[in-house]
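Me: I have a structure to learn from. Can we go through how its inside is described, term by term?

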Amino acid sequence: MTTVTDSKRTGMNGNGRALRADARRNREAVVAAAKKLFADEGLDAQMPDVAKAAKVGVGTVYRHFPTKDHLIAALADDRFERLAEKAREGIAAEDPWEGLCDFIRFSAQIQADDRGLCEVMGSRPEVMGDAAFAVGLDKLCERLVKGAKR
């Protein structure tokens, strides 16, 4: 499995500079289109279909994501960032038990709504593990559970 470079995760170019505004918009369009396609079609979705849905050329997709694995990793990163944010909300909740319950419901809903995420979870667990670790989800969940135990 190819690992994703930080530049692909953060929207920076290979020189460590922020992407131009048009390149950033194109990347965001590709990610948004890929989210929908992979959620609906799973890993069968193809890069040319992503390009068409994003209304960009196939070369633009490959410029931002050299392989389908890079795109899948970026989608996993996005999902785990959303989970981490929900975990932080749960930690800050007035009622820690409700915070934990909300996090669990949110996690289950993300999983149920996204065929591609389900397939990646089963077929490429290292992608999911890397994304979870990158956002510190293990530590956040530990804090969430400890708070709910009180």
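Me: This is a predicted model. What makes the lining of the largest cavity 7 nonpolar, 1 polar and 3 charged residues?

Reply: Take the lining residues by name. They are Lys 35, Phe 38, Leu 43, Ile 72, Leu 75, Ala 76, Arg 79, Asp 114, Gly 116, Leu 117 and Val 120. Lys, Arg and Asp count as charged, and Gly counts as polar. Phe, Leu, Ile, Ala and Val count as nonpolar. So the classes come to 7 nonpolar, 1 polar and 3 charged.

Me: Why is this space called a cavity?

Reply: Because a 1.4 Å probe fits there but cannot get out. The volume of the largest cavity is about 110 Å³. The count is 1 cavity of 30 Å³ or more.

Me: Which helices supply at least two residues of that lining?

Reply: H2, H5 and H7 each do. H5 gives the most, with 4 residues.

Me: What makes a set of residues a nonpolar core?

Reply: Its members are buried, of nonpolar types such as Val, Leu and Phe, and joined through side-chain atoms within 4.5 Å. The largest core here has 39 residues. Val 30, Phe 38, Val 50, Leu 71, Phe 80 and Leu 137 touch the most other members. Helices giving two or more residues to this core include H2 (21-41), H5 (68-92) and H9 (137-149). The largest share, 10 residues, comes from H5.

Me: Which residues is Phe 80 in contact with, leaving aside its neighbours within four places in sequence?

Reply: Met 128, Ala 131, Ala 132, Val 135 and Leu 137. These count as contacts because heavy atoms lie within 4.5 Å.

Terms used. Residues are numbered from 1 along each chain as its sequence is written. This is a predicted model: local features need pLDDT of at least 70, side-chain atom pairs count only at pLDDT 80 or more; totals for chains, interfaces and linings use all residues. Side-chain values use heavy atoms; hydrogens and water are left out. Buried means under 20% relative accessible area, exposed over 50%, partly exposed in between (1.4 Å probe, protein chains only). On a 1 Å grid over the protein atoms alone, a cavity is a set of points where a 1.4 Å probe fits but cannot get out, and a pocket is an open set with protein on both sides within 12 Å along at least five of seven lines; lining residues have an atom within 4 Å of a point. Grid points are joined across faces, edges and corners, and a volume is the space filled by probe spheres set on the points.
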